[in-house]
Amino acid sequence: MKKLEKSVLKEEMKNLKTITERKERKNKKIVDINWILKITLLAFTLSIVFSFLCEIALPKVDIVVEILLIFLFIFLGVLFDMIGVAVTSADIEPFNSMSSRKVKGAKTAVKLIKKSDKVSSFCNDVIGDICGIISGSAGTIVSVSLSNTLSFSPLLTTLITTACIASLTIGGKALGKSYAVNKNNLILYKFAKLVAHFRKE
């Protein structure tokens with residue numbers, strides 16, 4: 001019995017390895033170097049611009065506004081993470097059907113699914129990481145403001161602020177991913193419908 005199990009396991013592992021090698025060969029052919037360079041340059045540029053604006057503008061606003069901006073960037077990071085997950089896990093069939101019936105946003109949804117790797121990279125990595133960088137920078141500025149206002153230890157204030165931002169971001173993304181997997185088609189349709197307002201289908 002054990003020999004039979006080992007034989008079956010060996011055969012299944014061999015099949016799995018063959019499928020993986022085929023997929024790797026296929027993926028090597030469709031790697032878009034231009035896209036990778038563009039998205040890297042975009043992330044670099046946006047990170048510099050937003051970090052610079054954050055460092056210049058935030059110290060000049062009220063502490064309540066600073067905290068609200070942190071919440072805004074955490075929310076944006078979670079929202080775009082949800083969109084990225086929804087696009088990669090959505091089913092194309094219902095959108096093909098909707099597209100054939102000329103439903104607004106359906107054609108855009110089909111295009112997004114077909115380019116799900118790029119959409120996911122943009123939403124999860126570019127927007128998500130930039131929001132994380134900005135909320136982290138803003139958190140440092142807020143911790144300094146809180147330390148000066150409340151006469152708390154700068155180290156303690158920084159640790160608490162950083163921990164709060166990290167926990168809200170991670171918790172929000174965990175909740176968002178779960179929701180996105182369960183409601184992927186609905187989220188994608190709403191996003192595609194919004195995108196369709198700014199471009200011709």
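**Close-up 1. S121 within helix 6.** S121 is part of helix 6, the helix that covers residues 116-150, and it is shown here as it appears in a predicted model. With a relative accessible area of 17%, S121 counts as buried, because residues under 20% are placed in that class. When residues up to four places away in sequence are left aside, the residues that S121 touches are W35, I39 and V126.

**Close-up 2. The packing of helix 3 with helix 7.** Helix 3, made up of residues 63-89, packs with helix 7, made up of residues 154-182, at an angle of about 30 degrees, and the two axes are 8 Å apart. Helix 3 is therefore roughly parallel to helix 7, since angles under 35 degrees count as roughly parallel. The crossing in which helix 3 passes helix 7 is right-handed. On the side of helix 3, the residues that take part in the contact include I70, F71, I74 and D81, while those of helix 7 include I165, L168, K173 and K177. Sorted by character, the residues of this contact between helix 3 and helix 7 comprise 12 nonpolar, five polar and three charged ones.

**Close-up 3. D81 and its surroundings.** D81 belongs to helix 3 and is one of the residues through which that helix meets helix 7. The relative accessibility of D81 is 4%, so this residue counts as buried. The side chain of D81 is joined to the side chain of N124 by a polar contact of 2.8 Å. Not counting residues up to four places away in sequence, D81 touches C123 and N124 as well as K173 and K177, and the latter two, K173 and K177, lie in helix 7.

Note on methods. Residues are numbered from 1 along each chain as its sequence is written. This is a predicted model: local features need pLDDT of at least 70, side-chain atom pairs count only at pLDDT 80 or more; totals for chains, interfaces and linings use all residues. Side-chain values use heavy atoms; hydrogens and water are left out. Helices (H or I, at least four residues) and strands (E, at least two) are DSSP runs, numbered from the N terminus. Buried means under 20% relative accessible area, exposed over 50%, partly exposed in between (1.4 Å probe, protein chains only). Contact means heavy atoms within 4.5 Å. Axes are lines fitted to C-alpha atoms, for helices over the stretch in contact, and angles run from 0 to 180 degrees between N-to-C directions. Angles under 35 degrees count as roughly parallel, over 145 as roughly antiparallel, 65 to 115 as roughly perpendicular and the rest as oblique. A crossing is left-handed if the near helix is turned anticlockwise from the far one by less than a right angle, and right-handed if clockwise. Ala, Val, Leu, Ile, Met, Phe, Trp, Tyr, Cys and Pro count as nonpolar, Asp, Glu, Lys and Arg as charged, and the others, Gly among them, as polar. A polar contact is a pair of N or O atoms within 3.5 Å; within protein, one must be able to donate a hydrogen and the other to accept it, and residues adjacent in sequence count only if both atoms are side-chain atoms.
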